Amino acid sequence: MKYAQPAGESDGASYVDGNRAAGIRGSVPPVRAIEAPQRELDHLIAFSGQTPSAVDNQQVRKAIAAMIAAATGGG
């Protein structure tokens with residue numbers, strides 16, 4: 001997964017929280033910053049044999065554990 005810098009910023013730029021009192025405008029995330037990670041996580045979950053779910057917030061952990069178990073012969 002490639003890092004997606006804030007919209008309108010140079011490659012590798014960091015995200016900044018906004019602070020109205022200090023006159024600092026917060027970063028605006030580009031669509032690819034949200035789209036790509038979601039698709040990558042969805043693929044990881046599906047690859048592990050699970051059906052991606054909107055209610056199970058443990059699916060990435062389960063996917064990683066299953067792949068470690070498969071690679072090490074663990075159950």
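Helices here are DSSP runs of H or I with at least four residues, numbered from the N terminus. Tyrosine 3 sits in the segment before H1. Keep in mind that this is a predicted model.

**Exercise 1. What does the secondary structure of the chain come to, and is the chain spread out or compact?**

*Solution.* Start with the secondary structure: the chain has two helices and zero strands. Next, take the radius of gyration, which is 18 Å, while the globule rule gives 11 Å for 75 residues. The value is well over the rule, so the chain is more spread out than a compact globule. You can also look at the box that the C-alpha atoms fill, roughly 55 × 25 × 20 Å along the principal axes. Finally, check the burial: buried residues make up 13% of the 75 residues.

**Exercise 2. How many aromatic pairs does the whole structure hold, and what is the geometry?**

*Solution.* A search of the whole structure turns up one aromatic pair. The partners are tyrosine 3 and tyrosine 15, with ring centres 6.2 Å apart and planes at 80°. Now for the cut-offs: centres must lie within 6.5 Å to pair, and planes over 60 degrees apart count as edge-to-face. So this pair is edge-to-face. Both tyrosine 3 and tyrosine 15 lie in the segment before H1, so the pair ties together parts that are 12 residues apart in sequence.

**Exercise 3. Are tyrosine 3 and tyrosine 15 buried, partly exposed or exposed, and what does tyrosine 3 touch?**

*Solution.* Recall the limits first: buried means under 20% relative accessible area, exposed means over 50%, and partly exposed is in between. Tyrosine 3 has 44% relative accessibility, so it counts as partly exposed. Tyrosine 15 has 35%, so it is partly exposed too. For the contacts, set aside neighbours within four places in sequence; tyrosine 3 then touches Gly12, Ala13, Ser14 and Tyr15. One more check takes you further along the chain: the C-alpha atoms of tyrosine 3 and proline 37 are 9.6 Å apart, with these positions 34 residues apart in the numbering.

**Exercise 4. Where is leucine 44 found, and which residues does leucine 44 touch?**

*Solution.* Find leucine 44 in helix H1, which covers residues 31-47. Skip residues up to four places away in sequence, and the contacts of leucine 44 are Val60, Ala63, Ile64 and Met67. Now try a distance: from leucine 44 to glutamine 59 is 15 residues in sequence and 9.0 Å in space, C-alpha to C-alpha.

**Exercise 5. Where is glycine 73 found, and is glycine 73 buried or exposed?**

*Solution.* Glycine 73 belongs to the segment after helix H2 (59-72). With a relative accessible area of 69%, glycine 73 is exposed. To place this residue against another, take alanine 36: the two are 37 residues apart in sequence, and their C-alpha atoms are 31 Å apart.

Note on methods: Residues are numbered from 1 along each chain as its sequence is written. This is a predicted model: local features need pLDDT of at least 70, side-chain atom pairs count only at pLDDT 80 or more; totals for chains, interfaces and linings use all residues. Side-chain values use heavy atoms; hydrogens and water are left out. Contact means heavy atoms within 4.5 Å. The radius of gyration is taken over C-alpha atoms; the globule rule is 2.2 Å times the number of residues to the power 0.38. Buried means under 20% relative accessible area, exposed over 50%, partly exposed in between (1.4 Å probe, protein chains only). Rings of Phe, Tyr and Trp (its six-membered ring) pair if their centres lie within 6.5 Å; planes under 30 degrees apart count as stacked, over 60 as edge-to-face and the rest as tilted.
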